[in-house]
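The following exercises are to be worked with the sequence and the 3D structure in view. Each task sentence is followed by a solution in steps.

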Amino acid sequence: MTAATIDETTATGRVVWFTGLSGAGKSTLANALHAELLARGVSVELLDGDAVRENLCRGLGFSREDRDTNIRRIGFVAGLLAKHGVTVLVSAISPYADTRRDVLTGLPNALEVFVDAPLEVVTGRDVKGLYLKALAGEIPHFTGVSDPYEAPTTPDLHLRTDRISVQEGVQELLRSLGEA
């Protein structure tokens, strides 16, 4: 069974898919929402893109095909968990709009959250200096610099993390989930 074939009529969980550039605040918001939902007794699981890439998708590179495979694998796991009543928080760059849309279409009760901050802001947040290296041409295929990031045109929720606090973002997410 793939994420695209999960029967939404039997699904009781939901998937909140955080997409955006590295450093935009996806993991920060997902972790804060995770803690809040746990405190409320919600069955919730966090699938962080970096952790999934390391453990489930090891060996994949950063070609378009490998990035798509990574996102489809995350979507598959998220769909399985949601099918069993779990609220799944996915924090993954998910750079390609068509792949992201395809995966989200197959997920039960999916909410696409565009976590957005300008390049100068995410570059300033980057403690490892990866953006500066990518801008200098030292890192090839870096999303948002030398590889595309296709922002959602109609996300369910658009959070500008350069304009709101983490707590304000969590409150917006809770409202969107009917948990406020």
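**Exercise 1. The largest pocket**

Task: State the volume of the largest pocket in this predicted model, and name the residues closest to its centre.

Solution.
Step 1. The volume of the largest pocket comes to about 1100 Å³.
Step 2. Its lining consists of 37 residues, and those closest to the centre are Ser 22, Gly 23, Lys 26, Asp 50 and Ile 93.
Step 3. Helices that each supply at least two residues of this lining are H1, H2 (49-55), H3 (64-83) and H6 (130-135).

**Exercise 2. An annotated segment**

Task: Determine which residues under the UniProt annotation "binding site" also belong to the lining of the largest pocket.

Solution.
Step 1. According to the unreviewed UniProt entry, the annotation "binding site" covers Gly 20, Leu 21, Ser 22, Gly 23, Ala 24, Gly 25, Lys 26 and Ser 27.
Step 2. From this group, the pocket lining includes Ser 22, Gly 23, Ala 24, Gly 25, Lys 26 and Ser 27.

**Exercise 3. Two neighbours in a loop**

Task: Classify Leu 21 and Ser 22 as buried, partly exposed or exposed.

Solution.
Step 1. Leu 21 lies in the loop between S1 and H1, and Ser 22 is found in the loop between S1 and H1 as well.
Step 2. A residue is buried under 20% relative accessible area and exposed over 50%.
Step 3. The relative accessible area of Leu 21 is 13%, so Leu 21 is buried.
Step 4. The relative accessibility of Ser 22 is 30%, so Ser 22 is partly exposed.
Step 5. Beyond residues up to four places away in sequence, Leu 21 touches Lys 26, Val 115, Ala 117, Val 122, Tyr 131, Thr 143, Gly 144 and Tyr 149.
Step 6. With the same exclusion, Ser 22 touches Ile 93, Val 122 and Tyr 131.

**Exercise 4. Strand S4 and its partners**

Task: Identify the strands that pair with S4, and give the sense of each pairing.

Solution.
Step 1. Strand S1 (residues 14-19) and S4 run parallel and are joined by five bridges.
Step 2. In this pairing, Trp 17 stands opposite Glu 112 of S4.
Step 3. Strand S5 (residues 157-160) also pairs with S4 in the parallel sense, over four bridges.
Step 4. Within S5, His 158 is the bridge partner of Phe 114, and Arg 160 is that of Asp 116.
Step 5. Six of the seven residues of S4 (residues 110-116) are buried, so the rest of the structure largely encloses this strand.
Step 6. In S5 the side chains alternate: Leu 157 and Leu 159 are buried and point to one face, whereas His 158 and Arg 160 point to the other and are not buried.

**Exercise 5. The buried face of helix H7**

Task: Explain why the buried residues of H7 can be said to line one face of the helix.

Solution.
Step 1. The buried residues of H7 (residues 166-176) include Gly 169, Val 170, Leu 173 and Leu 174.
Step 2. Viewed down the helix axis, the buried residues fall within an arc of 140 degrees, so they line one face of H7.
Step 3. An α-helix has 3.6 residues a turn, so residues three or four places apart point the same way.
Step 4. The partners against which the buried residues of H7 pack are S1, helix H1 (26-39), S4 and S5.
Step 5. Glu 36 lies in helix H1 and is partly exposed, with a relative accessible area of 26%.
Step 6. Apart from neighbours within four places in sequence, Glu 36 is in contact with Val 170 and Leu 174.
Step 7. Glu 36 and Val 170 are 134 residues apart in sequence, yet their C-alpha atoms are 8.3 Å apart in space.
Step 8. Just after H7, Gly 178 takes a positive phi of about 70 degrees.

**Exercise 6. The chain as a whole**

Task: Give the number of helices and strands, and the order in which the elements follow one another.

Solution.
Step 1. The chain has seven helices and five strands.
Step 2. Starting from the N terminus, their order is β-α-β-α-α-β-α-β-α-α-β-α.
Step 3. Of the 180 residues in the chain, 46% are buried.
Step 4. Among contacts between residues at least 6 apart in sequence, 79% join residues at least 24 apart.

Key. Residues are numbered from 1 along each chain as its sequence is written. This is a predicted model: local features need pLDDT of at least 70, side-chain atom pairs count only at pLDDT 80 or more; totals for chains, interfaces and linings use all residues. Side-chain values use heavy atoms; hydrogens and water are left out. Buried means under 20% relative accessible area, exposed over 50%, partly exposed in between (1.4 Å probe, protein chains only). Two strands pair if DSSP finds at least two bridges between them. The arc is that of the directions from the helix axis to the C-beta atoms. Contact means heavy atoms within 4.5 Å. UniProt positions are given in the numbering used here, feature names are shortened, and annotations may be inferred rather than shown by experiment. On a 1 Å grid over the protein atoms alone, a cavity is a set of points where a 1.4 Å probe fits but cannot get out, and a pocket is an open set with protein on both sides within 12 Å along at least five of seven lines; lining residues have an atom within 4 Å of a point. Grid points are joined across faces, edges and corners, and a volume is the space filled by probe spheres set on the points.
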